[in-house]
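Got your viewer open? Load the model, switch to a cartoon view, and let's walk through it one selection at a time.

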Amino acid sequence: MVDFLKQITSSFMSAKNNSVIGIDIGSSFMKVVQLKRKNGKAILETYGELALGPYADAAIGQATQLSPDKITPILLDLLKEANVTTKNAGVSLPLQSSLLSLMKMPNVDEKKLAQMIPIEARKYIPVPVSEVSLDWWVLPKREEQVVDGSDPTEVKKGEGEEKGPGRNMTDVLVVALLNETINDYNTIISSSGLQNAFLELEVFSTVRSTFGHTSAPVLIFDMGARTTKIAIMEYGIIRAQHIINRGSQNITVALSESLGVPIARAEQIKRDVGLVGKGNDADASATAQLIVDHVLTEAQTVLLNYERKHNRMIKQIILTGGGVLLKGLYEKADKEFETEVTYADPFSRTESPAFLAPVLRDAGPEFAVAIGLALRKLEETG
Ligand SMILES: Nc1ncnc2c1ncn2[C@@H]1O[C@H](COP(=O)(O)OP(=O)(O)OP(=O)(O)O)[C@@H](O)[C@H]1O
Ligand SMILES: [Mg+2]
């Protein structure tokens, strides 16, 4: 089969029925991770990725837009090549398919809220409510007070709990997912024979595999091929999202144009040289630097706006997505942001043979979504 399967696919354990897989269909690479539970631990059984570019007459690393009927055979190829032995799956939905709104709702019970939210959502969502599926979270009260910038003690000084400010209203975070996207993914799930599959917005998968539950705000910086996705999470809930219209393929294209080389060669130069090229490679690094600067500046603006608006400091920035593997990007980001910057290390949540540790650490940012999905599936499988 396809000879552009990245040579990191490995299979080193025998799989049983209680195995689960996480599938991340990115714009440039499709990834899969298979886990199973043993003695309460998540054991890594196999993982692999496949470049989508060559299926769309594009180079490896380039973004694609493939229809569900094109995706299904590629997915089946990947499952075969990675020696996947189960169809028990979680599949990620791209952040671009979601719309996020923070709504003020009265303090009513869950059932009433479920009736009210679709009606209220009409005011917030720029497409007909019939075209989206809604999911929501009531935000923790304690956080609401901090987010509002109000002093939590102020309530006590007021006229009493019941009549205090904001007492009868609650913040609800509503995520709307386009039905069209959900239908496309359901088509892929059924035509590839996946079983008991769930769909999850990719940032939630990343959160699960990278930092679990922390109350402090964390910024996820996911540099893919086409775009860079910024998500700010608090209490494991997404609080803000922003899509930067530049991704790692922009570096490749810029290198191809400025050096006058084919895309495939430019992709290799990008990976070999990154931001740290000297001598003959200095020009290539300067070209890459322009795009990285653009992305980091926009991410910095998102971060500062959030901190100002909510009066909360971002505690950590997590770099994820294949684009952050660019040589020198970590150092650049670490210098640029005043906040602690870390690479996603999702494989550390799994048990694997020690000899694979360095490889898995390096591949981590690419597999954060797939691992997060598999971890949820493991939890659900029990
Ligand atoms: N070692 C590396 N150095 C530089 N860039 C890399 C490296 N490895 C992968 N990339 C780039 O990362 C991008 C792929 O990242 P990733 O797999 O996260 O994207 P994706 O999930 O397909 O995209 P998206 O999330 O935007 O849909 C490609 O453009 C690729 O060129
Ligand atoms: Mg991705």
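Which of the 21 residues around ligand 1 come nearest? Select Gly26, Ser27, Gly61, Gly224 and Gly322: those are the ones. Before going further, keep in mind that this is a predicted model.

**Stop 1: the shell around ligand 1**

Stay with ligand 1 and colour its shell by residue class. You should get four nonpolar, twelve polar and five charged residues. Now switch to colouring by domain. Domain 1, which covers 10–87 + 345–381, gives the shell at least three residues, and so does domain 3, 241–340.

Next, bring up two helices, H7 (248–259) and H8 (263–273). Each of them supplies at least two residues of the shell. Which helix has the largest share? That is H8, with three residues.

**Stop 2: the five-stranded sheet**

Now select the strands S10 to S14. Reading across, the order is S12-S11-S10-S13-S14, in an open sheet with mixed pairing. Look at the two edges: S12 (237–244) and S14 (340–343) each have a single partner strand, so one side of each is left without a neighbour in the sheet. Going from one strand to the next, the twist averages 20°.

Zoom in on S12 and its partner S11 (residues 228–234). The two run antiparallel and are joined by seven bridges. To check the register, pick Lys229, whose bridge partner in S12 is Ile243. Then pick Met233, which is bridged to Ile238 in S12. Where does the backbone take a positive phi in this hairpin? Click on Tyr235: its phi is near 50°, and the hairpin has two residues between the strands.

Before leaving this sheet, add H10 (residues 329–336) to the selection.

- H10 packs on the sheet, where it touches S13 (316–320) and S14.
- The direction of H10 makes about 160° with that of S14.

**Stop 3: the three-stranded sheet**

Hide that and show S6, S7 and S8. This is another open sheet, ordered S6-S8-S7, and its pairing is antiparallel. S6 and S7 are the edge strands, each pairing on one side only. On average, neighbouring strands here are turned by 25° against each other, direction ignored.

Take the pairs one by one. How many bridges join S6 (residues 98–106) to S8 (residues 169–178)? Nine, with the strands running antiparallel. For a marker on this pair, label Met103 and its bridge partner in S8, Val172.

On the other flank, S7 (residues 132–138) pairs with S8 in the antiparallel sense over seven bridges. Two markers are handy here: Asp135 stands opposite Val175 in S8, and Trp137 has Leu173 as its bridge partner in S8.

Now add the helices that go with this sheet. H2 (residues 110–124) packs on it and touches S6, S7 and S8. Compare directions and you should find about 120° between H2 and S6. H5 (residues 179–191) lies across S7 and S8, and it runs at about 55° to S8.

**Stop 4: a helix crossing**

For the last stop, select H6 (residues 202–210) and H11 (residues 357–381), and draw their axes if your viewer can. How do the two helices meet? Their axes come within 7 Å and cross at roughly 80°. H6 and H11 are therefore roughly perpendicular to each other, given that angles of 65 to 115 degrees count that way.

Show side chains at the contact. The H6 side has Glu202, Ser205, Thr206, Val207, Arg208, Ser209 and Thr210. Facing them in H11 are Ala368, Val369, Ile371, Gly372, Leu373, Leu375 and Arg376. Colour this contact by class too, and it comes out as six nonpolar, five polar and three charged residues.

Terms used:
Residues numbered from 1 in each chain as written. Chains lettered and ligands numbered in written order. Predicted model: local features only at pLDDT ≥ 70, side-chain atom pairs only at ≥ 80, totals over all residues. Axes fitted to C-alpha atoms, helices over the stretch in contact; angles between N-to-C directions. Helix = DSSP H or I, 4+ residues; strand = E, 2+ residues; numbered from the N terminus. Parallel < 35°, antiparallel > 145°, perpendicular 65-115°, else oblique. Contact = placed C-beta atoms within 7 Å. Nonpolar A, V, L, I, M, F, W, Y, C, P; charged D, E, K, R; others polar. Near = placed C-beta within 6 Å. Domains from an automatic or database assignment. Pairing = 2+ DSSP bridges.
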